[in-house]
Amino acid sequence: MPVLSPSSPLTPSRTALLVMDCQPGILAGLPDDETREKLLGHVESAIADVRAKGGTIAHVRVGFTETDWDAIPPANKSFAPLADHHALHHEDPATAVHPRLAPQDGDIVVRKTRYGALSTTDLDEQLRARGITTLILSGVSTRGVVLSTTLDAADRDYRLYVLSDGVADRDAEAHDVLIRRILPSRAHVIDTAGLRTLLEAS
């Protein structure tokens, strides 16, 4: 089977855009308003482009119940502090999908309790049920949900794209290294203009 290049046309009916952790409480961790506004604008544009071609939009949000907090062991360096402070309760408005990116009828919406979009949700099952084979990743943060989901989804044999201008991180240096050096080993890294070109060719 030939390896698909980044310029290979997409099949929209088998493609999903993952909008990950685009929640007020997570977006607040980005360095400034300009970074947030640029990210939201690029993701908003990508959603419109994918939706217009009949692709799937999947919203992934992080949020915890009391039971979720209780299940996080002290050894978990990233999530134990959240449990200790009862942060990001799933009903808190700060954990809702940002209003500019609000889900619409037919979208997938899942709630997760760890970094990756697939590991603590039924997202993989929902995508497979729709015949999705290609994922386009966007969201916050590059070294969190984007990295974890890329590694996991690659092992599940999805064709992967990461939107270079549709992901962001509070650590600009880590973001740059991931985009330039790490993520291209598992995914095609393109920007939102490149995504539009691929969709128009489909």
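Two residues are in contact here when heavy atoms of theirs lie within 4.5 Å. Keep that in mind as you read these notes on what is a predicted model.

1. **Thr-15 and its surroundings.** Let's begin in strand β1, where Thr-15 has its place. Which residues does Thr-15 touch, leaving aside its neighbours within four places in sequence? The contacts are Leu-10, Gly-55, Thr-56, Ile-132, Thr-134 and Ile-136. Thr-15 has a relative accessible area of 2%, so it counts as buried. Try finding Arg-130 as well: it is 115 residues from Thr-15 in sequence, yet the two C-alpha atoms are 9.4 Å apart in space.

2. **The sheet as a whole.** Now step back from β1 to the sheet. This is an open sheet of 6 strands with parallel pairing, and the order across it is β3-β2-β1-β4-β5-β6. At the edges are β3 (108-112) and β6 (188-190), each of which pairs on one side only. On average, neighbouring strands are turned by 25° against each other, direction ignored.

3. **Two pairings to trace by eye.** Strand β1 (residues 15-20) pairs with strand β2 (residues 56-62) in the parallel sense, over 5 bridges. To see one such bridge, look at Ala-16, whose partner in β2 is Thr-56. On to the next pairing: β2 and β3 also run parallel and are joined by 5 bridges. Here Val-60 stands opposite Val-110 in β3.

4. **The two faces of β3.** In a regular strand, side chains alternate between the two faces of the sheet. You can follow this along β3: Ile-108, Val-110 and Lys-112 make up the covered face, while Val-109 and Arg-111 make up the uncovered one.

5. **Helix α7 on the sheet.** Helix α7 (residues 172-182) packs on the sheet, where it touches β5 (159-168) and β6, and its direction makes about 150° with that of β5. Which residues of α7 are buried? They are His-175, Leu-178 and Ile-179. Seen down the helix axis, these buried residues fall within an arc of 90°, so they line one face of α7. A general rule helps here: an α-helix has 3.6 residues a turn, so residues three or four places apart point the same way. The buried residues of α7 pack against α6 (142-155), β5 and β6. On the face turned away from the buried side you will find the exposed residues Glu-173, Arg-180 and Arg-181.

6. **An aromatic cluster.** The whole structure holds 2 aromatic pairs. Why is the pair of Phe-79 and Tyr-115 called edge-to-face? Their ring centres are 5.0 Å apart and their planes stand at 70°, and planes over 60 degrees apart count as edge-to-face. Phe-79 is in the loop between α3 (66-70) and α4 (80-84), and Tyr-115 is in the loop between β3 and α5 (123-129), so the pair ties together parts that are 36 residues apart in sequence. Are these two residues buried or exposed? Phe-79 is buried, at 6% relative accessibility, whereas Tyr-115 is partly exposed, at 38%. Together with Phe-64, they form one aromatic cluster.

7. **Arginines over rings.** Phe-79 has another partner to look for: Arg-114 lies over the face of its ring, at 5.6 Å from the ring centre. Elsewhere, Arg-128 lies over the face of Tyr-158, at 4.2 Å from that ring centre.

8. **A buried arginine.** Arg-36 lies in helix α2 (residues 33-52). Its relative accessibility is 19%, and buried means under 20%, so Arg-36 counts as buried. Not counting residues up to four places away in sequence, Arg-36 touches Leu-27, Ala-28 and Leu-30.

9. **Backbone details to check.** Val-140 and Ser-141 are joined by a cis peptide bond, with omega about 5°. Ser-141 sits in the loop between β4 (134-140) and α6. Next, Asp-21 is not a glycine, but it has a positive phi of about 60°. Asp-21 is in the loop between β1 and α1 (24-27), and it is buried, with a relative accessible area of 6%. His-86, also not a glycine, has a positive phi of about 50°. His-86 is in the loop between α4 and β3, and at 42% relative accessibility it counts as partly exposed.

Notes. Residues are numbered from 1 along each chain as its sequence is written. This is a predicted model: local features need pLDDT of at least 70, side-chain atom pairs count only at pLDDT 80 or more; totals for chains, interfaces and linings use all residues. Side-chain values use heavy atoms; hydrogens and water are left out. Two strands pair if DSSP finds at least two bridges between them. Helices (H or I, at least four residues) and strands (E, at least two) are DSSP runs, numbered from the N terminus. Axes are lines fitted to C-alpha atoms, for helices over the stretch in contact, and angles run from 0 to 180 degrees between N-to-C directions. Rings of Phe, Tyr and Trp (its six-membered ring) pair if their centres lie within 6.5 Å; planes under 30 degrees apart count as stacked, over 60 as edge-to-face and the rest as tilted. Buried means under 20% relative accessible area, exposed over 50%, partly exposed in between (1.4 Å probe, protein chains only). A charge sits over a ring if NZ of Lys or CZ of Arg is within 6 Å of the ring centre and within 35 degrees of the ring normal. The arc is that of the directions from the helix axis to the C-beta atoms.
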